[in-house]
Amino acid sequence: MISFTANQAKTQFGEMIAKAQREPVSITKNGKPSVIVMSIADYNAIEELKLQNLREKLARSVAQLEAGDLHDGEAVFDELMKDI
């Protein structure tokens, strides 16, 4: 993954955006990773995967409920929130 310092990202914004269209770019601040800049297509793909994962977990939960396999509501909620 390409990496820019926060200062480089500021002064080379156009270059950073161009690179982020091809692959995610890591921005570091004070030597530590701070944020990732990515294309909207990559972001949308990640959000779609998260939504699919949530739907699968909900479907499993509904199937367990319909089978009479009850669970503690808070534990189910914690499981759903794990990947968000």
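## Exercises on a predicted chain

From the N terminus on, this predicted model has its elements in the order β-α-α-β-β-α-α.

**Exercise 1.** Determine how the extent of the chain stands against the globule rule for 84 residues.

*Solution.* Begin with the inventory: the chain holds four helices and three strands. Next, take the two radii. The globule rule gives 12 Å for 84 residues, whereas the radius of gyration of the chain is 19 Å, well over that value, so the chain is more spread out than a compact globule. Finally, consider the box along the principal axes: the C-alpha atoms fill roughly 60 × 25 × 15 Å.

**Exercise 2.** Establish whether S26 is buried or exposed, and identify its contacts beyond the neighbours within four places in sequence.

*Solution.* First, locate the residue: S26 lies in strand 2, which spans residues 25-29. Second, apply the cut-off, by which buried means under 20% relative accessible area. S26 has a relative accessibility of 10% and therefore counts as buried. Third, with the neighbours within four places in sequence set aside, list the contacts of S26: M1, I2, S3, F4, P33, V35 and I36.

**Exercise 3.** Characterise burial, contacts, surface and charge for the chain as a whole.

*Solution.* Start with burial: 13% of the 84 residues count as buried. Then take the contacts with a separation of 6 or more; residues 24 or more positions apart account for 16% of these. For the surface, the accessible area comes to about 6,400 Å², and carbon and sulfur atoms hold 57% of it. Lastly, the chain has 10 positive and 13 negative charges, whose mean positions are 13 Å apart.

Key
Residues numbered from 1 in each chain as written. Predicted model: local features only at pLDDT ≥ 70, side-chain atom pairs only at ≥ 80, totals over all residues. Heavy atoms only, no water. Helix = DSSP H or I, 4+ residues; strand = E, 2+ residues; numbered from the N terminus. Buried < 20%, exposed > 50% of the residue type's maximum accessible area, 1.4 Å probe, protein only. Contact = heavy atoms within 4.5 Å. Rg over C-alpha atoms; globule rule 2.2 N^0.38 Å. Areas by Shrake-Rupley, 256 points an atom, 1.4 Å probe, with all protein chains shown as cover. Lys, Arg positive; Asp, Glu negative; His and termini not counted. Charge placed at Lys NZ, Arg CZ, Asp CG, Glu CD.
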